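Please look through the sequence and the structure shown below before reading on. The paragraphs that follow lead from one part to the next.

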Amino acid sequence: MKKAIFALAHSIFLAAGLAWYLISGKNTIRAHRALVYFFCNSGGRFNEWCSRVVSARHKPLKLASKNGVLGDMSGVDGQSALQQLNEKGYVTFERALPADACERLMRFALNTPANIRPMDGEVNSGKPRTAIYEESKPEAVRYDYAVNDLLANSDVQTLLSDRSLLALAEMYLGARPRFDVLSMWWHTNFHSHPDSEAAQFYHFDLDRLKWLKVFIYLTDVGPHDGPHSFIEGSHRPEGIPQSFLSKGYVRLSDEEVLSHYGAQREIRFSAPKGTIIVEDTRGLHKGSAVSGNSRLILQLQLSNSLFGAAYPKSQLPAKRTPELANMIRQSKDVYRAYI
């Protein structure tokens with residue numbers, strides 16, 4: 001009886017939140033919590049059902065080309081990438097981002113103030129602490145760059161207009177993609193044990209109905225440099241056991257995750273800078289603790305809908321690369337999160 005009442009309450013919160021989103025374009029905390037509740041209680045099938053509804057309303061992008069940083073997604077390479085995403089939940093493109101773009105983004109990161117994320121056990125005052133990252137004396141485990149600063153960066157704008165990213169996302173999502181949840185951060189060797197606030201324990205994401213995250217290594221990442229890790233196949237419906245999902249939206253230890261899946265299902269992405277990892281982070285993933293060199297990573301997300309978690313509004317500046325300006329003219333809704 002109690003479970004039925006709980007489900008009914010979440011159904012009301014979800015319906016009310018969806019109605020408000022359709023009217024105002026804004027998300028509510030209760031609706032997002034309800035989305036997490038139904039994901040966990042359905043083993044992920046609720047999101048698949050909702051995504052099929054979104055796909056039924058899909059208006060395909062009109063891309064003159066599907067070529068870009070990932071290569072040409074219009075042919076065999078695109079189908080191969082899509083197949084691996086469907087089966088394994090990830091696909092990698094080694095050294096895909098040109099070296100000069102990596103260098104420019106590194107200079108940006110070394111000269112732009114970042115927000116120092118509070119660590120486990122620290123009291124969050126609510127006031128962001130900012131500093132320029134210095135490799136020789138990091139002040140915390142994680143440094144995050146402001147979204148508006150990233151949106152003003154021409155290399156980030158080039159990626160936002162990249163047709164190969166848009167094409168692969170559209171194929172996987174079965175719907176017109178929307179860019180959102182843009183971020184860049186350092187993971188440092190401030191201490192060598194995992195920090196949950198820095199996302200260094202296994203977890204699943206659930207900001208939207210369905211999405212792809214694009215992780216771009218901007219430093220060489222070896223085994224001790226905080227490689228991104230993913231549990232192969234855990235992105236699929238019922239790919240995460242109910243014993244984990246019943247805990248809700250929480251962090252999980254390596255021991256409990258690997259005891260269920262086995263070490264062979266854990267993929268640790270040690271790779272050179274410029275490597276791009278495209279991943280469905282409904283699957284279990286984490287950033288490993290750093291004991292070697294600090295790791296800099298840029299993340300873009302492409303979602304089939306912006307319904308879900310609420311984020312502060314960020315804005316693309318008036319100064320835009322010609323490619324991005326052209327894409328916005330063609331497909332303004334793809335960039336609705338930032339205009």
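How many bridges join strand β8 to strand β11? In this predicted model, four bridges connect β8 with β11, which covers residues 276-279, and the two strands run antiparallel. One of the pairs in this set joins Val 214 to Val 278, its bridge partner in β11. Strand β8 is also joined by seven bridges to strand β13, residues 295-303, and here again the two strands run antiparallel. Within β13, the bridge partner of Ile 216 is Leu 298.

Strand β8 itself spans residues 211-217 and is mostly covered, since seven of its seven residues are buried. The side chains can be followed in two groups: Trp 211, Lys 213, Phe 215 and Tyr 217 point one way from the strand, while Leu 212, Val 214 and Ile 216 point the other way, and all of these residues are buried.

The pairings just described belong to a wider arrangement. Eight strands form an open sheet, in which the order is β3-β11-β8-β13-β7-β6-β4-β5 and the pairing is antiparallel. At its edges lie β3, residues 90-93, and β5, residues 129-131, each of which pairs on one side only. If direction is ignored, neighbouring strands of this sheet are turned by 30 degrees against each other on average.

Helices pack on this sheet as well. Helix α4, residues 76-88, touches β3, β8 and β11, and its direction makes about 140 degrees with that of β3. Helix α8, residues 163-173, also packs on the sheet, where it touches β3, β7 (178-187), β8, β11 and β13, and its direction makes about 145 degrees with that of β8. Strand β8 is therefore among the strands touched by α4 and among those touched by α8.

Next come the helices that pack on one another. Two packed helices are described by the angle between their axes and by the distance between those axes. For helix α2, residues 29-42, and helix α3, residues 45-56, the axes come within 6 Å and cross at roughly 115 degrees, and the two helices are therefore roughly perpendicular to each other. On the α2 side the contact is made by Leu 35, Phe 38, Phe 39 and Ser 42, and on the α3 side by Arg 45, Phe 46 and Asn 47. Sorted by class, this contact has four nonpolar, two polar and one charged residues.

Another residue to find is Phe 13, which lies in helix α1, residues 2-24. Is Phe 13 buried or partly exposed? With a relative accessible area of 30%, Phe 13 is partly exposed. Leaving aside residues up to four places away in sequence, Phe 13 touches Arg 30, Ala 31 and Ala 34. The C-alpha atoms of Phe 13 and Arg 30 are separated by 5.9 Å, although the two residues are 17 residues apart along the chain.

Finally, consider the cysteines. A disulfide is a covalent bond between the sulfur atoms of two cysteines, and the structure holds zero disulfides. Cys 40 is in no disulfide, and the nearest cysteine sulfur, that of Cys 50, is 14 Å away. Why does Cys 50 form no bond with Cys 40? The closest cysteine sulfur to that of Cys 50 is the one in Cys 40, and at 14 Å it is too far for a bond. Cys 40 counts as buried because its relative accessibility is 5%, and Cys 50, at 12% relative accessibility, counts as buried too.

Terms used. Residues numbered from 1 in each chain as written. Predicted model: local features only at pLDDT ≥ 70, side-chain atom pairs only at ≥ 80, totals over all residues. Heavy atoms only, no water. Axes fitted to C-alpha atoms, helices over the stretch in contact; angles between N-to-C directions. Parallel < 35°, antiparallel > 145°, perpendicular 65-115°, else oblique. Contact = heavy atoms within 4.5 Å. Nonpolar A, V, L, I, M, F, W, Y, C, P; charged D, E, K, R; others polar. Buried < 20%, exposed > 50% of the residue type's maximum accessible area, 1.4 Å probe, protein only. Pairing = 2+ DSSP bridges. Disulfide = S-S within 2.5 Å.
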